[in-house]
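Got your viewer open? Here is a walk through the model, one selection at a time.

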Amino acid sequence: MPSKLNDAVLGLGAPGDDPRNPWFSWSYVSQNTDTLLAALREHLFLTLVAVTLATVIAIPLAILAYRVGSLAGPILGFTGVLYTIPSLALFAFLAPFTGIVKPTTVLIGLTMYALLTIVRNTLTALRQVPADVLDSARGMGYGKRAMLWRIELPLALPGIMTGLRIATVSTVALVTVGELAGWGGLGELIIGGFNSNYYRPQIMTATLLCVALALVLDLVLLAVGRIVMPWTRRRAA
Amino acid sequence: MSVIEDAIVWLNDPLNWTNPDGIFARTAEHLWISAAAVALGCAVAWPLGVLMGHVGRGGPAVVTVTNLSRAVPTVALLTIFPLTAIGFGPPAIILALSLFAIPPLLANAYLGLREVDPEVRDAGRGMGLSGWQLLRKVELPLAVPYLANGFRIAAVQVVATATLAAYVNGGGLGMIISRGFGLGLASGGGQVLAGGLLVALLCLAVEGVLALAEKALLPKSLRRVKHRPPASVADALPAGS
C-alpha cells in the first residue's frame, strides 16, 4: 500500500521502480550543491555571452537589411537556411576546427541561432513602424540618422525586446545540446545522469534548474523592457 | 584541412553506407521516428486546435504552450521519458519529439480557423448550416493552407530535433555525429563533420520536398488567399532543435 501511494505521489513512478532512484531527492541537492551551482554558472555564462554577442551583431544587421532593401532577401534567406540545420549538426561542422577544449564551438553555434531570432524580430518590428509617422518626421526635418534613433528604433523597441526574450529562453534550452561539444552547462548533468546508471535525481534537478533559469531570465528581460519603455506600461494600465 | 579529407574518406567508404548501423539504416530510422512523432503530434494538436479555433477560445493557452515548449530542453525530455513507465526504445523518443511538434501544429490550426473571414462564416450560418456543417464545409477547407504550413514547420523541426536522440542512444543520423565525438576529435573529427553534413542535407531536403509538396497539392483557389500565415506564428516556433 505505501509503495502504491508513493508511486501515485511521484506521478511518474514506473512499477517496480528502485526506491533508491527517486525522481527528486533533497539529499542529492544538498550533497551536490557545488556541482549544481558550477553547472548553473557555466550555463548562465554561455547564455549571456551568446545572447549579448548575437544582439550586438543582429541589430545592426537588421537595420542594414531594413535600410538596404536588396540585402533583406539574402539575410532572411540565410537565417532561414541556418534555422533548418539542427544545432548538433552545426556543432559537428564547427568542432573539428574550433575544438572542444574552449567553449568557442558552442558559443559560435548558440550565437548564430540567437542571431537569427533577433534579426527576424528586429526587422519585422522596424517594418511595422507606420508610414504616416515616418512621413511626419520627414516633414519635421528629421534626417536619416535622427529618424533612426528617435523614431524608428524607439517604435520598434517592443518587437526587438520580444525577439531578445525568445532568443534568451531558446538559448537556455539549447545550451544543453552543447554537451557533446564539451560545454553543456546543466546539460552535462542531464546527460551525465543518464549515462551513469540513469540517475534520476540528477537529471530532474538539472532539468528544473534549466527551466527555472529560462523563466528567471525571461522575467528579468520583461522588467528591463518595462523600465526602458515606460510608454508601454502606461498603455497596458 | 585534413579533417575535410577525413570526412570525404569516411563518406567514400561503402561500408559506412551499407553497415547495419550505416548511413542508409540510420536515415531510415531517422525518418520513421520523425514520421511517427509528427503523426502523433497531428493526432493530438489538430483536433484540439481546430476545436479551439472553431469555438474561438484558447488563444492564451496556445501562446502558453508555445512559450513553455521553448523553455524545456529537448535533451531533458529525451532523457526523462525512457526512465518512466514507457521504457527505453523508440516509443519514448517518439513521444518526446511529438511534444515539440505540437506548438506549431496547434498554433497554425487555431490561427487558420480564426482567420476565416467572419462574413463567410455569417453567410454559412445564414444558409442554415449547423455548427458542425460550418466547420466541415466552410472553416476547415479555408484553413487548409494554415494546416499545411503548420505541418511543414512541425515536420522540418522534428526531423532536425530527432538528431538529438543520439544523446540517449536512440538512433537516427545523429548517432554518426555522437559516435565520432566518442572517438575523440583527433580520430573521429572526419566522421563528426560527415555526420553534420548528412544531417544538414537531410533537413534541407525534407524542407525542400515539403515546400514543393505544399505548392503542388494546395488547390489554386486556396493558394490565392492573400492572408498567408503571419511571421509571428513562424517565429513562435520553439527553437529547441
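The tour below starts where the two chains meet and then moves on to single helices, loops and charged pairs.

**Stop 1: the interface**

Bear in mind that this is a predicted model. Colour chain A and chain B separately and pick the residues in contact: you should get 41 from chain B and 44 from chain A. Together the two chains bury about 3800 Å², with 80% of that area on carbon and sulfur atoms. Now show B:Leu83, B:Tyr167 and B:Phe181 as sticks; this trio supplies 19% of the area that chain B buries against chain A, more than any other three residues.

Looking for charged pairs across the boundary? The count of salt bridges between chain B and chain A is 0, while 2 residue pairs are in polar contact. On the chain B side, α1 (2-12), α4 (59-71), α5 (74-80), α8 (131-161), α9 (174-183) and α10 (185-217) each put in at least two residues. Which of the chain B helices gives the most? Select α10(B), which leads with 11 residues. By type, the residues on this side of chain B split into 30 nonpolar, 8 polar and 3 charged.

**Stop 2: α9 of chain B**

Zoom in on α9(B), where 7 of the 10 residues are buried. Those buried residues are B:Gly174, B:Met175, B:Ile176, B:Ile177, B:Ser178, B:Gly180 and B:Phe181. What do they pack against? Turn on α5 (87-98) of chain A, plus α1, α3 (23-55) and α10 of chain B, and you have their neighbours. B:Phe181 is worth a second look, as it also belongs to the trio from the interface stop. Just after the helix comes B:Gly184, with a positive phi near 90 degrees.

**Stop 3: the loop before α9**

Step back into the loop between α8 and α9 of chain B, where B:Thr163 sits. Is B:Thr163 buried or exposed? It counts as buried, at 0% relative accessibility. Show its surroundings and you find contacts on both chains: A:Pro86 and A:Leu88 on one, and B:His30, B:Gly174 and B:Val199 on the other, leaving aside residues up to four places away in sequence. B:Gly174 is one of the buried residues of α9(B) that you have just visited.

The same loop, between α8 and α9 of chain B, holds B:Asn169. B:Asn169 is exposed, with a relative accessible area of 58%. Check its backbone too: phi is positive, about 60 degrees, although the residue is not a glycine. As background, most residues other than glycine have a negative phi.

For a counterpart in chain A, go to A:Asn197, in the loop between α9 (186-195) and α10 (200-228). Its phi is positive as well, near 60 degrees, and A:Asn197 is exposed, at 68% relative accessible area.

**Stop 4: salt bridges**

Over all chains, the structure holds 9 salt bridges. Start with A:Arg67 and A:Glu152, whose closest N and O atoms are 3.3 Å apart. A:Arg67 lies in α3 (33-67) and A:Glu152 in α8 (144-175) of chain A, so the pair ties together parts 85 residues apart in sequence. A:Arg67 is partly exposed at 33%, whereas A:Glu152 is buried at 4%.

Next, select A:Arg165 and A:Asp218, with a closest N to O distance of 2.8 Å. This pair links α8 and α10 of chain A, and so ties together parts that are 53 residues apart in sequence. A:Arg165 is partly exposed at 26%, and A:Asp218 is buried at 18%.

Over in chain B, B:Asp122 and B:Arg125 meet at 3.9 Å, N to O. They are 3 residues apart in α7 (118-126), a separation of about one helical turn. Then select B:Arg152, B:Glu207 and B:Glu214, which salt bridges with shared partners join into one network.

**Stop 5: annotated spans**

To finish, overlay the UniProt records. An unreviewed entry lists residues 40-221 of chain A as "domain: ABC transmembrane type-1"; that span is 84% helix and 0% strand, with its end C-alpha atoms 19 Å apart. For chain B, the unreviewed annotation "transmembrane region" covers several stretches, including 31-55 and 67-86. Residues 31-55 of chain B are 100% helix, with end C-alpha atoms 35 Å apart. Residues 67-86 of chain B are 60% helix, and there the ends lie 26 Å apart.

Technical notes:
Residues are numbered from 1 along each chain as its sequence is written. Chains are lettered from A and ligands numbered from 1 in the order in which they are written. This is a predicted model: local features need pLDDT of at least 70, side-chain atom pairs count only at pLDDT 80 or more; totals for chains, interfaces and linings use all residues. Side-chain values use heavy atoms; hydrogens and water are left out. Contact means heavy atoms within 4.5 Å. Buried area is the accessible area (1.4 Å probe) that two parts lose on being put together, summed over both. A salt bridge is a side-chain nitrogen of Lys or Arg within 4 Å of a carboxyl oxygen of Asp or Glu. A polar contact is a pair of N or O atoms within 3.5 Å; within protein, one must be able to donate a hydrogen and the other to accept it, and residues adjacent in sequence count only if both atoms are side-chain atoms. Helices (H or I, at least four residues) and strands (E, at least two) are DSSP runs, numbered from the N terminus. Ala, Val, Leu, Ile, Met, Phe, Trp, Tyr, Cys and Pro count as nonpolar, Asp, Glu, Lys and Arg as charged, and the others, Gly among them, as polar. UniProt positions are given in the numbering used here, feature names are shortened, and annotations may be inferred rather than shown by experiment. Buried means under 20% relative accessible area, exposed over 50%, partly exposed in between (1.4 Å probe, protein chains only).
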